[in-house]
Each structure stands twice: as structure tokens, then as C-alpha cells.
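Colleague: Hey, got a minute to walk me through this one? I'd like to start with the salt bridges and then wander a bit.

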Number of protein chains: 2
Amino acid sequence: MHLFYQPGIVSGESVQRLTEDDSRHAVKTLRLHVGDAIAVTDGHGNRYSAVIDLADARRCAFRITDTQTTPPRPFSIRICVAPTKNLDRIEWFIEKAVEVGIERISFFFGQHSERRVLKLDRLEKIAVAAMKQSLQSFLPTLDDALPFGEMLKTIVEQQRFIAHLPANEPPINLAKRATVTGEYTVLIGPEGDFAEKEIQQAIAAGFQMVTLGPNRLRTETAALTACQLLNFINV
Amino acid sequence: MHLFYQPGIVSGESVQRLTEDDSRHAVKTLRLHVGDAIAVTDGHGNRYSAVIDLADARRCAFRITDTQTTPPRPFSIRICVAPTKNLDRIEWFIEKAVEVGIERISFFFGQHSERRVLKLDRLEKIAVAAMKQSLQSFLPTLDDALPFGEMLKTIVEQQRFIAHLPANEPPINLAKRATVTGEYTVLIGPEGDFAEKEIQQAIAAGFQMVTLGPNRLRTETAALTACQLLNFINV
């Protein structure tokens with residue numbers, strides 16, 4: 001079953017239209033016709049059962065027959081990560097994090113970041129594709145990259161963690177530090193790791209140091225593992 | 001710090017040699033010289049502190065100064081997965097599973113598998129690179145692909161799970177079904193999912209149906225999530 005994405009659905013409107021991309025996919029690839037049933041999400045928790053009214057490859061029209069609204073999860077995961085030098089790795093993280101469940105991804109440039117440019121358009125396409133693929137009704141928020149200090153000011157979540165080993169105390173796993181049904185933020189450093197100054201800034205902002213396991217993980221692996229750990233404690 | 005891999009270390013030998021690949025990397029890329037300290041693992045739990053005796057780009061020689069032996073983990077994870085149509089996805093799974101910790105990966109061709117050929121050489125290189133990258137001393141076992149029924153006969157683990165939703169009962173998450181410090185096997189189906197016959201074979205072989213979370217996951221995402229869930233319950 002294929003799920004379409006139309007963020008601009010106006011409830012009450014008798015006729016809705018798929019985006020141009022989805023119209024092409026519906027008519028050219030899936031060869032759907034007038035009267036065929038489809039499912040559409042607005043990415044805000046609504047999933048619509050619908051019927052195609054006009055099989056136009058550029059502006060496919062559909063009629064909503066039923067609406068199912070999914071409530072947000074009783075917890076929320078926000079991962080703040082420095083883009084990797086090799087962009088494939090961060091793209092992969094986005095696809096997988098969206099598949100397993102995440103609310104928000106924020107990017108930052110750290111003092112040791114090798115990558116200083118990040119285009120969000122392509123990353124958002126990947127997030128949309130992963131939301132459809134995994135049949136979800138919420139599209140996670142992707143935040144443009146900010147300098148580390150600026151990004152820190154945008155943190156609103158209560159439970160704050162930074163993936164970094166403490167110098168003088170035994171490391172504690174994120175799964176032990178975090179408590180269930182919370183609003184979580186985890187900071188994941190760049191390949192060159194956090195600068196000491198950045199760690200001090202995070203601690204001053206109420207972040208707790210955590211480990212994600214016994215092994216040294218790549219940036220994107222650490223980011224996904226943090227997301228998975230927080231999903232798991234809420235299973 | 002860079003970790004080298006030499007499976008053929010003979011304890012007691014005064015002079016050891018890096019593989020040709022690692023010799024080139026040590027001498028050409030890292031520009032190491034005679035007297036430089038290196039770390040080498042045999043992939044069987046031994047990690048050696050060593051000193052370079054001969055900086056030869058094809059047969060770099062080293063002398064072991066210290067040996068640390070890591071015991072195997074008190075649990076073991078074996079994921080049996082059908083290779084994905086797009087090989088990148090299974091390569092990605094191997095890299096990530098090795099990073100987070102896995103003992104064995106077995107491949108199988110299911111009735112609905114789109115891919116019918118799998119070359120292990122390249123996959124083993126990826127596993128070795130991920131072991132070095134994550135600074136581990138154990139190289140997981142990779143098993144050549146077998147037909148589903150043949151692969152089932154090779155299962156020795158006590159705790160057996162198949163990622164498939166039961167028809168008539170509520171799904172139970174792998175994290176709830178599995179118990180700590182066990183020997184686990186999880187079966188992950190191809191993009192086309194398991195055939196009904198395969199599910200019946202697995203159940204007859206003592207496999208329990210489990211879910212890996214609320215979302216529909218791609219094959220490689222499901223395989224990694226199973227691995228991470230089992231690591232997680234043993235944190």
C-alpha cells in the first residue's frame with residue numbers, strides 16, 4: 001500500500017490535489033485511475049482514505065472519504081547532530097531515524113566540524129520518503145544548521161544529553177539516564193568530536209554526559225543509536 | 001588512534017607482519033616509522049600493543065609489547081537476513097551492526113527474495129573496516145547465503161525470533177520477548193516479506209513472532225533495529 005503526502009490539505013474542501021511529484025508517481029508509476037482508493041497524510045498526524053477523482057499526472061485530484069487522526073507520541077526525540085563530512089552518512093541517518101521514529105532533527109556546525117554547508121531541501125525529500133515508506137502520519141521537523149552556541153539556545157526539551165564520556169567518572173548509558181515519556185534532546189558531535197568549550201557550554205545549559213554503548217561509533221551511528229535507545233525505553 | 005587487523009598472529013613469534021593492505025595504510029597513509037607504537041587485533045578478542053620494526057609498505061613488521069584479551073560478551077546476537085535488492089542497503093547494515101555490536105550475520109534467499117546472488121568478499125572487508133573503526137577486538141562471523149530452509153538448519157541459538165506480525169494475536173516487541181544474557185537469533189525477511197511456508201517452517205523450528213516497533217521498516221532497518229534492541233536489553 002502506497003502513502004501519499006500532501007501537507008496542504010484543507011479539511012472540508014471537497015476536492016484535494018496531490019503534489020506534482022505524487023501526481024506523477026500515482027498516475028505514471030502506479031498507474032492509478034479515477035475511482036482508485038489511495039491513502040494520503042498531511043504529515044501532521046492526519047491520514048486520509050481517499051478516492052481519485054482526476055488521474056492527472058501533474059495535478060491528480062482526490063476526494064477524502066475518511067480521516068484517521070493519530071495523536072503525537074507520549075514522548076519526543078530531538079537529535080542535534082553535526083553534519084558529517086560525507087553527506088551520504090547524514091542522509092542515511094535521516095532516513096533511518098524517520099523510519100524508527102523521531103520528532104525533530106537539528107543540525108549544528110561545531111568548532112571541529114569539517115562540513116560547513118548543508119542544504120536542507122534534499123534532506124527534507126529523504127525525510128518525506130522515509131515517512132511514506134514507514135507509513136507514518138507525522139513528518140519530523142528538520143532545522144537548518146546553526147553554530148553550536150546558537151543551536152543550544154533553541155533547546156526547549158527537559159531531558160538534555162550530550163554523547164560524550166566524562167573525564168573523571170564512570171560513563172552512564174543514555175538508556176539509564178533518560179526516563180520514560182520525556183521530551184529528549186541528545187547532542188551528537190562531529191567526526192572531530194566536541195571542543196572542550198562546547199562541552200562546557202552544554203553542561204552549563206543543563207546537558208548530562210552519556211555513553212551510547214561500549215564501542216566508538218561514527219557520528220551518524222551515534223545519532224541513530226541515541227534515537228533507538230530513546231524509542232526502546234518507551235517500548 | 002588506528003587499529004590494525006591481523007588474523008594470523010602467532011603468539012610467541014617475535015616478529016609479526018601486517019597484511020599488505022594494512023602495511024600500505026600504515027606506511028603510505030599514516031606515514032608510520034620504525035619505533036612507532038601501533039595497536040593490532042586478531043579479531044578473536046586479542047588486542048596487541050606493538051612497535052613497528054620494519055616500515056615496509058608491503059610487509060610492515062611489528063613486535064608485540066603487550067596483549068589485552070577481551071572476553072566474549074555475556075550474550076550473542078545473530079541476525080539472519082535476506083540480502084536487499086539494492087546491495088548498498090545490506091552493506092550499510094553490516095557496517096552499522098558491527099559498529100554497535102553483533103556476533104554473527106547469516107544471509108538467506110527467501111521465496112520472495114529479489115536478489116539471488118551475494119558476494120561475501122566485499123561484505124567481509126566492510127565488517128573488518130567497521131571493527132577497526134569502532135575499536136573492537138572481535139570480528140563477527142559472516143555466513144554465505146543459503147536457501148531459507150538450509151539456513152534454518154544452521155541455527156544453534158536458544159532464543160529464536162522472527163520479525164513478523166502474528167495474524168490473530170497482539171504483536172509483542174522483541175525487547176519484551178527476549179531475556180537478558182541469551183544467545184539470540186532473529187530472522188529478517190526480504191523486501192517481499194516471508195512466504196507463509198517459511199513462517200510455518202520457522203515456527204516449527206521454535207521461532208517466536210515479534211515486532212520491532214510500530215512502523216513499517218525496510219529490511220536493513222529492521223535488521224539493525226533487532227540488533228540494537230538486543231544490545232539494549234543487555235545494557
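**Salt bridges and surroundings**

Modeller: Sure. Keep in mind that this is a predicted model. Let's start with A:Arg89, which makes a salt bridge with B:Glu95, and their closest N and O atoms are 2.8 Å apart.

Colleague: How many salt bridges cross the interface of chain B and chain A?

Modeller: The rule finds 6 of them across that interface. Over all chains the count is 34.

Colleague: And which residues are linked in a network with A:Arg89?

Modeller: The network of salt bridges links A:Arg89, A:Arg218 and A:Glu220 with B:Glu95, B:Lys96 and B:Glu99.

Colleague: What's the N to O distance between A:Arg89 and A:Glu220?

Modeller: Their side chains meet in a salt bridge at 2.4 Å, N to O. This pair links distant parts of the chain, with A:Arg89 in helix 2 (residues 87-100) of chain A and A:Glu220 in helix 7 (residues 219-233) of chain A, 131 residues apart.

Colleague: Is A:Arg89 buried or exposed?

Modeller: A:Arg89 counts as buried, because its relative accessibility is 17% and the cut-off for buried is under 20%. A:Glu220 is buried too, at 2% relative accessibility.

Colleague: OK, switching pairs. What does A:Arg78 meet in a salt bridge?

Modeller: The side chain of A:Arg78 meets that of A:Glu157, at 3.2 Å from N to O. A:Arg78 sits in strand 6 (residues 76-81) of chain A, while A:Glu157 sits in the loop between helix 4 (148-152) and strand 9 (159-163) of chain A, so the pair ties together parts that are 79 residues apart in sequence.

Colleague: Where do those two stand on burial, buried or exposed?

Modeller: A:Arg78 is buried, with a relative accessible area of 1%. A:Glu157 counts as buried as well, at 6% relative accessibility.

Colleague: Which side chain meets B:Arg122 in a salt bridge?

Modeller: That's B:Glu91, at 2.6 Å from N to O. B:Arg122 is in helix 3 (residues 120-133) of chain B and B:Glu91 is in helix 2 (residues 87-100) of chain B, so this pair ties together parts 31 residues apart in sequence. B:Glu91 counts as buried, at 10% relative accessibility.

Colleague: Back to the interface. How many residues does the contact take from each chain?

Modeller: It takes 28 residues from chain B and 30 residues from chain A. The area buried between chain B and chain A is about 2500 Å², and carbon and sulfur atoms give 49% of that.

Colleague: New topic: where does B:Leu30 lie?

Modeller: B:Leu30 is in the loop between helix 1 (20-29) and strand 3 (37-41) of chain B. It counts as partly exposed, because its relative accessibility is 35%. Leaving aside neighbours within four places in sequence, B:Leu30 is in contact with B:His2, B:Phe4 and B:His25.

Colleague: Last bit, then. What does the secondary structure of chain A come to?

Modeller: Chain A has 7 helices and 11 strands. Its C-alpha trace spans about 65 × 35 × 30 Å along its principal axes, and buried residues make up 54% of its 235 residues.

Colleague: And how many positive and negative side chains does chain A have?

Modeller: There are 27 positive and 28 negative ones, and the centres of the two sets lie 3 Å apart.

Methods
Residues numbered from 1 in each chain as written. Chains lettered and ligands numbered in written order. Predicted model: local features only at pLDDT ≥ 70, side-chain atom pairs only at ≥ 80, totals over all residues. Heavy atoms only, no water. Helix = DSSP H or I, 4+ residues; strand = E, 2+ residues; numbered from the N terminus. Buried < 20%, exposed > 50% of the residue type's maximum accessible area, 1.4 Å probe, protein only. Lys, Arg positive; Asp, Glu negative; His and termini not counted. Charge placed at Lys NZ, Arg CZ, Asp CG, Glu CD. Contact = heavy atoms within 4.5 Å. Buried area = accessible area lost by both parts, 1.4 Å probe. Salt bridge = Lys/Arg side-chain N within 4 Å of Asp/Glu carboxyl O.
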